[in-house]
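User: Please take a close look at one paired stretch of this protein and set it within its surroundings. I should like a single connected account rather than a list.

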Amino acid sequence: MPVVCSQCKEPPCADVCPVNALSRIDGVVRLDKDLCISCYKCVDACPFGAFFAHDDCKAPIKCDMCGDNDPACVAACPKEAIRLIPEQALGETRRLGNLLSYTHMKEIEFYEKGEKKVIHYTEVGKEKL
Ligand code: SF4
Ligand code: SF4
C-alpha cells in the first residue's frame with residue numbers, strides 16, 4: 001500500500017531539521033529548498049516513510065499537495081481510495097468510520113481558496129462507505 005504524507009500537525013520531520021527548512025503552512029508541511037542543506041535527517045525522522053531521497057535530486061522529496069492543493073494522486077487513483085473531503089463533511093465521515101470500526105483512518109488538512117479541506121484515507125474499501 002502506498003504511503004501518503006500526513007502533513008502532521010506537529011511534524012517530526014520539521015522538528016529535526018537543523019535549518020528550519022520545513023514549515024507547516026495552511027495545513028501543508030512545506031520544504032524550502034533554498035534553506036535545505038541535504039542532511040536527510042527528515043527522511044529518517046518521518047514515522048511513515050513519507051519523505052524520500054532520490055539520486056537525481058539535491059534535496060529530499062515530500063508531498064506538497066502538488067503545490068496547488070489539487071493532488072495528482074487523488075485524480076489518478078482508479079478506486080477513489082484517496083479523496084478530498086471538505087471540513088464540513090468530515091463529521092459525517094467520522095461517524096461512518098466509527099460505525100465501521102475503522103482501525104486505520106488518517107487525515108491530511110489543507111486550505112484551498114480559504115476553505116479548510118481534508119484528504120481522508122483508509123484501508124477500508126469505497127464500497128463500505
Ligand atoms: S534534508 Fe533539508 S529539510 Fe531535511 S532535515 Fe536536512 S536540511 Fe532539513
Ligand atoms: S513527511 Fe512524515 S513527519 Fe513530515 S509531515 Fe509528512 S508524514 Fe509527517
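Analyst: Ser23 has Arg30 as its bridge partner in strand S2. This pairing belongs to a predicted model, in which strand S1, residues 22–25, runs antiparallel to S2 and is joined to it by 4 bridges. The two strands form a hairpin with 2 residues between them, and Asp26, which lies in the turn, has a positive phi of about 50 degrees.

The side chains of S2 alternate along the strand. Val29 and Leu31 point to one face and are buried, whereas Val28 and Arg30 point to the other and are not. In a regular strand, side chains alternate in this way between the two faces of the sheet. Arg30, the partner of Ser23, is thus on the face opposite to that of Val29 and Leu31.

From the hairpin, contacts lead to Cys13. Cys13 touches Leu22 and Val29, and also Cys42, Ala45, Cys46 and Phe51, leaving aside residues up to four places away in sequence. Within the largest nonpolar core, which has 13 residues, Cys13 and Leu22 are among those that touch the most other members, together with Cys17, Cys42, Cys46, Ala50 and Phe51. In soluble globular proteins, nonpolar side chains tend to be buried together.

Several of these cysteines also appear around the ligands. Cys13 and Cys46 are among the residues that come nearest to ligand 2, as are Cys5, Cys8 and Pro11, out of 13 residues around it. The shell of ligand 2 comprises 10 nonpolar, 2 polar and 1 charged residues. Around ligand 1 there are 15 residues, of which Cys17, Ala21, Cys36, Cys39 and Cys42 come nearest. By class, the shell of ligand 1 divides into 13 nonpolar, 1 polar and 1 charged.

Beyond S2, the chain passes through a loop to helix H2 (41–45), and Tyr40 is placed in that loop. Tyr40 is partly exposed, because 14 other C-beta atoms lie within 10 Å, a count between the limits of 12 or fewer for exposed and 20 or more for buried. Tyr40 touches Ala53 and Pro60, again not counting residues up to four places away in sequence. Its C-alpha is 8.0 Å from that of Ala59, although Tyr40 and Ala59 are 19 residues apart in sequence.

As for the whole protein, 4 helices and 7 strands are present, in the order α-β-β-α-β-β-α-β-α-β-β from the N terminus. Of its 129 residues, 19% are buried. Among contacts with a separation of 6 or more, 53% join residues 24 or more positions apart.

Methods
Residues are numbered from 1 along each chain as its sequence is written. Chains are lettered from A and ligands numbered from 1 in the order in which they are written. This is a predicted model: local features need pLDDT of at least 70, side-chain atom pairs count only at pLDDT 80 or more; totals for chains, interfaces and linings use all residues. A nonpolar core is a set of buried Ala, Val, Leu, Ile, Met, Phe, Trp, Tyr and Cys residues joined through C-beta atoms within 7 Å. Two residues are in contact if their C-beta atoms, placed from the backbone, lie within 7 Å. A residue is near a molecule or strand if its C-beta atom, placed from the backbone, lies within 6 Å of it. Ala, Val, Leu, Ile, Met, Phe, Trp, Tyr, Cys and Pro count as nonpolar, Asp, Glu, Lys and Arg as charged, and the others, Gly among them, as polar. Two strands pair if DSSP finds at least two bridges between them.
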